[in-house]
Amino acid sequence: MVAHFAYDSKIKSKVVVLEELRVHLEGSGFNIKEYAPEDAFLFTEYKLYDWGTGRRLLAVAVHINDKITITGMGKMDVPVTDLGPPEDLLKIKEVDRLPYEIQKRTFLALIESINDIGYKTIDHWP
């Protein structure tokens, strides 16, 4: 999951934009794992989304160059068996793609909140 955002480098430097995004992500419940303002990069720990049955985890990497690139990495509970104790029925697995419904409630919600603080999504489609 990747999203790109525009910012005006003549008005705000990369370091200022990164700091604003760091504050926003921490306010959204993410813990910053790595913060490198000299490289205009940050990485979060996995944030737990626990609703209904199963857990979903989302971590975010932010890199700022001529645009802001946000990459989401997800994990989710996946049924591994149908017999046995309840704790053995679901295991956290890394997946290549989260189902769209989970993306919508995690990553796309984050994208909307970043749009709300003034960074607009770059539309890659005509």
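The legends below describe close-up views of a predicted model.

**View 1. Helix 1 and its buried residues.** Helix 1, made up of residues 14-27, has 14 residues and reaches 20 Å from its first C-alpha to its last, which is close to the 20 Å expected at 1.5 Å a residue. Its buried residues are Val17, Leu18, Leu21, Arg22, His24 and Leu25. Because these residues cover an arc of only 170° around the axis, they lie on the same side of helix 1. An α-helix has 3.6 residues a turn, so residues three or four places apart point the same way.

**View 2. The glycine that follows helix 1.** After helix 1 comes glycine 29, whose phi is positive and near 100°.

**View 3. The hairpin of strand 2 and strand 3.** Strand 2 (residues 32-36) and strand 3 run antiparallel and are joined by four bridges, and in one pairing alanine 36 has phenylalanine 41 of strand 3 as its bridge partner. The two strands form a hairpin with four residues between them, and in the turn alanine 40 has a positive phi of about 55°.

**View 4. The two faces of strand 3.** In a regular strand the side chains alternate between the two faces of the sheet. Along strand 3 (residues 41-44), Leu42 and Thr44 point to one face and are buried, whereas Phe41 and Phe43 point to the other face and are not buried.

**View 5. Strand 3 beside strand 5.** Strand 3 is also joined to strand 5 (residues 55-64), with which it runs antiparallel, by three bridges. Leucine 42, one of the buried residues of strand 3, has valine 62 of strand 5 as its bridge partner.

Notes:
Residues numbered from 1 in each chain as written. Predicted model: local features only at pLDDT ≥ 70, side-chain atom pairs only at ≥ 80, totals over all residues. Heavy atoms only, no water. Expected span 1.5 Å × (residues − 1). Buried < 20%, exposed > 50% of the residue type's maximum accessible area, 1.4 Å probe, protein only. Arc of directions from axis to C-beta. Pairing = 2+ DSSP bridges.
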